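Reader: I have just opened this one and would like to go through it slowly. Could you take my questions as they come?
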Amino acid sequence: GNKLGFSAEYRVNKDVTLCAATDGVGTKAILAAELNEYKGIGQDLVAMCSNDLLCNKAQPLFFLDYFACSSVKPKQYTEILKSITSACKKINCSLIGGETAEMPSLYQGNHFDIAGFLVGIKEKQKILKISKGDLIIGIKSNGFHSNGYSLIRDIIKRNRINIKKAIFNKKKLSDLIMKPTRLYHQLLNNNDLRYIKSLSHITGGGIHSNFKRSIPKGIKFDLNITNLPREYDFIKEYINITDIELMEIFNCGIGLIFIINKKYYSKFIKRNLFNLIGEIK
């Protein structure tokens, strides 16, 4: 396997490499259970795995899911499965099976946990060296994705917020916090990947640490992320937290970051959701 990157690689032969990723949705699963709202959580699961795979420039092949609960409740189970299935379709991925485990001694009420396993494929590719003057492009996230939910839950609990009724920014708070993670394979195709030097999926640990995972040690860069999206006002309203601290927990409005030679700037920048956020020094 290779050390750099977001998913594990397995070389089948000189031309074909398989990539594999596994993940869950963290404590967002607890919120889903409390809200009894499962329409997006399956997409969260697929996206957490597939966005990691994308960072290794792999195309999804097949996905397996693991679902654990106290006892199967038809509505919950079907909605989660539907959400997984539709997310797989969006990125041309086969859902080839999974496992359902009933463990009443471990899960109470409608609490559950899900995990996913995704295998993808990539053809042999030229490795593009990162160099001075390269541009760093960020693609917008669509909310908190699947990270920082222990903090979000803590804020909800301590302030006794009724998530079913609460309104934030004239919208239902539950809609804001349950928005499913964006599937970045829908925004970058195989041809795009030929121009991209490296990619990072911004998850737990925030912007800087995930970006650093995708570049060799010692490379200097400037990241300029100016204004945080409105949803972060929800966090700041209840706790005293700096933008720097927020950037160490959340995606802060950027779900995927990639590096290109500046001559390809116009190829990417005119697209909706794509922004220039920095450069290699």
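Reader: Which residue stands opposite arginine 11 in E2?

Author: Arginine 11 has threonine 17 opposite it in E2, where helices (H or I, at least four residues) and strands (E, at least two) are DSSP runs numbered from the N terminus. This is a predicted model, in which local features need pLDDT of at least 70 and side-chain atom pairs count only at pLDDT 80 or more, while totals for chains, interfaces and linings use all residues. Residues are numbered from 1 along each chain as its sequence is written, and side-chain values use heavy atoms, with hydrogens and water left out.

Reader: And how many bridges join E1 to E2?

Author: Four bridges join E1 to E2, and the two run antiparallel; two strands pair if DSSP finds at least two bridges between them. A hairpin of four residues makes the connection from E1 to E2.

Reader: What is the order of the strands in that open sheet?

Author: The order is E1-E2-E5-E3-E4, five strands with mixed pairing. Strand E1 (8-11) and strand E4 (94-102) are at the edges with a single partner strand each, so one side of each has no neighbour in the sheet. From one strand to the next the twist averages 15°, with axes taken as lines fitted to C-alpha atoms, for helices over the stretch in contact, and angles running from 0 to 180 degrees between N-to-C directions.

Reader: How do E2 and E5 pair?

Author: Strand E2 (residues 16-24) pairs with strand E5 (residues 112-123) in the antiparallel sense over nine bridges, and within that pairing leucine 18 stands opposite isoleucine 121.

Reader: Which strands does helix H3 lie across?

Author: Helix H3 (residues 74-90) lies across strand E3 (59-69), E4 and E5, and runs at about 170° to E3.

Reader: Changing topic, what about the open sheet that has E9 in it?

Author: That sheet also has five strands, in the order E9-E11-E6-E12-E10, with antiparallel pairing. Strand E9 (196-201) and E10 stand at its edges, each with a single partner strand, so one side of each lacks a neighbour in the sheet. Helix H2 (residues 41-55) packs on this sheet, touching E9 and strand E11 (254-260), and its direction makes about 155° with that of E9.

Reader: Which residues have the most contacts inside the largest nonpolar core?

Author: They are Phe112, Ile152, Ile177 and Ile235, in a core of 65 residues; a nonpolar core is a set of buried Ala, Val, Leu, Ile, Met, Phe, Trp, Tyr and Cys residues joined through side-chain atoms within 4.5 Å. H2 gives the most to this core, with six residues. A second, separate core has 16 residues, including Ile139 and Phe268.

Reader: Is glutamate 231 buried or exposed?

Author: Glutamate 231 is buried, where buried means under 20% relative accessible area, exposed over 50% and partly exposed in between (1.4 Å probe, protein chains only). Glutamate 231 has no salt bridge, that is, no side-chain nitrogen of Lys or Arg within 4 Å of a carboxyl oxygen of Asp or Glu. The nearest side chain of opposite charge is lysine 179, 6.1 Å away, with Lys and Arg counted as positive, Asp and Glu as negative, and His and the chain ends not counted.

Reader: Where is glutamate 231 in the chain, then?

Author: Its place is the loop between strand E10 (221-223) and helix H8 (232-238). Apart from neighbours within four places in sequence, glutamate 231 is in contact (heavy atoms within 4.5 Å) with Gly143, Phe144, Phe168 and Leu176.
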